[in-house]
Amino acid sequence: MDPKQKDFIRCWEKVFQNFLFPVPICLNMESFREVHERLCDCEVKKSQREQVDILLNSLLKSELKDIFNEFKEAWEKCPEQKWLYDLVFEKETCDLSKHIHHVENIDAIKRVMHKLKPELHNIDGIEFIESLSDFFSPEERSQIMTILETKGNIHGLWKIFEILPSKNPVWKNKMFDFVKEQRLRKTNGGLIKEALEEYFDVGFDQDKNDHSTGALKSTSGGAEENATTSHHKIGHVEEVASSSQEKTEGAIPPEFVSLHGEMVVPFFQAENDEFAQHNSLAEQQEPQSEDESIANVSENSSGSENSTKSDVEESQADSETEEVNESSNESDFELRGYQKVLVNAALQGSNCILCAPPGSGKTLIAGQIILRLLEKYPGCRVLFFAPSVALVNQQKQRLTSYFNGKYEVGCVHGRSENETDLRIGRLQVICLTPQILINNLLKKSHPEDKELKISMTDFKCFIFDECHHCIDKNPYGSLMQQYANLKNSEEECDLPLVVGLTATLGVGSSTEMTKVKDNIKLLCANMDAYGGIHTINTKADVEELHQFIAHPEEEIIRLEERKTDQFMSCLEQFVSTLLLKLEQFGVFKFFESSLADCSLKEFQDMNKSSSQFRMRCSTLRKCIETSQIHIRREAVSIMEYLEICQKASSFYYHCQASDALGVLTGFLDEITERSAEDENDTEVELFQSLQAKIAELEGLTLEFDCNNQHLIEIQDKILKTFASQPNSRIMVLVSERSFTEAIQKWMNDNDKLKSFNAELFVGVVNANRDALKMGPEKQQKILKAFREGEHKILVCTIGAAAEGLDVVDCNLVITYNCEHNEITLVQTRGRVRKQGGVMVKMFKSHSSLLRDRLNLFKEILMKKATTEVQKDILEDREKFLTEIRKNQHESNLNFQIWCGKLMRALAIKQNAKEYHLHCRKCLEFACSTLDVKRLSAGQVINMEKSFEEKYTTRDHPRKKFMGPGWEKKSKIQCKKCGNDWGLKAEWKSLLIFPFPKMVSFSIVDPDNKNQIWSPKTWSKAHFYIPEVDLEDLVKMLNKEEQ
């Protein structure tokens, strides 16, 4: 085997380990008879992944000259694996969506299985497995038989349904035969027949020979075709290795070696020399001097939309920043070859997108683009956008270091002090969140002040970090819509050059190559990127790139379900008591016609720590709050206790028993602080029951071992890393903000981990709602301490850190029960910046593992689609430009339709009649909708004096300051039931107003008391809230006093 063929094997190793079945391939290889025997001997003991390792090692060590071609031919003869063969060897006919469609329908599969469940007792598991015996390995067969014997028929059948979809699709023919032979489609036909028809997307009442158009084919001649072309509605469920830990010896590097010519790097590298040559035409045709190159920028003219969204980009936290040497002045650095290529491509005069992997130095590329523009056009101004507060601050520091004092760099975001004037008149380079510019473009408060009047034409260049977020109503998308509107206006104007930076273009909602390419072209249209996409293409540039970016090893750990111990049993008993109370009050019966699966049994059967249980509770509570059910207050109280128990269960699963207890005791403390005129017997009983249950749970934590084995897994990984590399930096990413504090506390209380001084890092949110008090200054301080080693572990939310943090020494990233898509997969992997680093993905559910495999495919598809789009541009540029214009036209029409709907909704609100606001818990009248007013900052206040008679006050537990001029005074709550209504605050020691929160009230039509709405925010309310100016109000009050 020659070196190129060996490289090919190594590059696809991760895919092979996940999807290749080596036994049938070795069977077709004359030279590998001994290997086949080894695989068969160890098939019972070894996992599929270990079998793949045996095959690959044998191939790489073989001295036979034609062994690779023999392997390729043997693989091609395996019909059940032909789809993977087509993918690996780049067959044009390969449609990835047909082979991973099942992973995108995990929820649908669950619904089918749920539908099958009531009738599974009609299927004999032993007979069923006998009829399908050819499809199971001895190990699988033994495992299923053990389950059938020990746990019963139903559990055995579920195991069969879990394993079967990973087998040769011919198993569906056999199952069809079994269903017919057992006459299940007639005698017990109802649910089994319907469920199986949904599962196979075919009608069982048809004759077997009529299934040529469906997902099942009965003839032996159609088996091969079925294996490669069937496209059923719900399909495979991938087999997961039985061991708790699956390890991948290396992440897929960005290049894939082709056997048909030069090195192929989908997304970074061309298909062949000719394409690589075409793709670098910019270097050959454009002027060689920098001045001539930059001159083309002034020829670019390209767009405006109204938007009043608040600055909430920090919740996305989706910007990826690049590795830069922090110890030297960056402007002294010589750009790498591939960086120069991308800089020159960006300065050819057309808007474009630059794609390069994490760690390739995209911030450095942006800095060079800005520097050359400022030198060519003295006095021009450039805006650098990032979608989060933390990343705006970080990019500002990077550019300041790069410019080395030559140019001052500003930083403006929603949390900065001078948001209103943007300081644009005094700075040439500004880093900011996009909503800041949107707000300033709309600002009318200083029309006479020319320095504060902002227009897009004031700038020479816009640079968008992580431009793949330029979609729909995202702030990036809103800003570029305004750009497009200005470009299409009749006025002649010199619009700024637009440069997008990203490592991941995404695939959208599809896995079909054509639709993925359309999604990439749509992004080009949204970014007005008539210059197309520029990537790292030539062989020399790719080889240079690989010297600087990390290729982390990837490891997957399947977390075992926490066993129901005494603690969880005790908590679940309390949950069952709550559900029985709902049943006794007739809640389930009241909503059985309007709410699907609303029954006591449905709720009892669910995992109480699952998001499914939380969503079901939320749905039921919403139904209660929008109804006139006679025991509304009691029902809402029970739902409050149910929801807090679900939260405690979730904390118990992800964190520790003490954290779950903290959730429950915190809830009781809050209930204790509430005061109500009318005591409710149910509420008193619930309070006392939970009080007793907490005491019981505290006793169990002392008596039994309630350690979380999942956290022990994390501990072991961390200790192993520090043992080999004492100066490591480790990031642990979790799914929820509240988990970060609990896990950080566990680490710092842990004798084995506390020396690493773990710190938490989350996004910036409204300070009034944030118990963690995470602001921009605190974020910067934490990141600085993490880089310098004061904190060696950072516990982060995946939203705040997956695409943003840039720490050169980071060599281990652990994602703990976090869901990914193909973009976050690439970006999270990119947080590992040190060579030899590791990314560990921990999942608790089977479906999460399957989605991770799907993301692996989507990553490959994304790269191949990007390469295809680049080829399309070179082959027919006019066609590409036509498609871009068409997409922009459609986007503009959709925007106009959206604006029209918005205006109609506003008109309806303004003409709406008076409604009443009632307490959402007890339905007591609170005030009229005419009493509420909106401040310019968006908050809603109640100005009616009579409203004070409806609530009581208590001290506010969090910080007093809540914004410019405002200071919190107290919390307000319903006088009748004690429900939390919001807070009371004072403005400049002049005015005091209550700030009611919409989530505490229901809107009632006074003419029809059965008409009730319960929106979560004031913006969702269907009545108009007029704006009031506090300065004008103070003047008016002063005049009245005089």
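This is a short dialogue on reading strands, sheets and burial in a predicted model.

Me: How many bridges join strand β22 to β23, and in which sense do the two strands pair?

Reply: In this predicted model, strand β22 (residues 980–987) pairs with β23 in the antiparallel sense over 6 bridges. To follow the pairing by eye, begin at Ala 985, which stands opposite Phe 993 in β23. The two strands form a hairpin with 3 residues between them, and in that turn Lys 988 has a positive phi of about 50°.

Me: Where do the side chains of a strand point?

Reply: In a regular strand, side chains alternate between the two faces of the sheet.

Me: Is strand β23 largely enclosed or largely open?

Reply: Buried here means under 20% relative accessible area. Because 5 of the 6 residues of β23 (residues 991–996) are buried, this strand is largely enclosed by the rest of the structure. A helix can be read by the same count: in α19 (residues 337–346), 7 of the 10 residues are buried, among them Tyr 338, Leu 342 and Ala 346.

Me: Which strands stand at the edges of the open sheet of 4 strands?

Reply: The order of that sheet is β16-β15-β24-β25, with antiparallel pairing. The edges are β16 (925–928) and β25 (1008–1013), and each has a single partner strand, so one side of each is left without a neighbour in the sheet. On average, neighbouring strands of this sheet are turned by 35° against each other, direction ignored.

Me: What pairs with β25?

Reply: Strand β24 (residues 1001–1005) pairs with β25 in the antiparallel sense over 3 bridges, and Val 1004 stands opposite Ile 1012 in β25.

Key
Residues are numbered from 1 along each chain as its sequence is written. This is a predicted model: local features need pLDDT of at least 70, side-chain atom pairs count only at pLDDT 80 or more; totals for chains, interfaces and linings use all residues. Side-chain values use heavy atoms; hydrogens and water are left out. Buried means under 20% relative accessible area, exposed over 50%, partly exposed in between (1.4 Å probe, protein chains only). Two strands pair if DSSP finds at least two bridges between them. Axes are lines fitted to C-alpha atoms, for helices over the stretch in contact, and angles run from 0 to 180 degrees between N-to-C directions.
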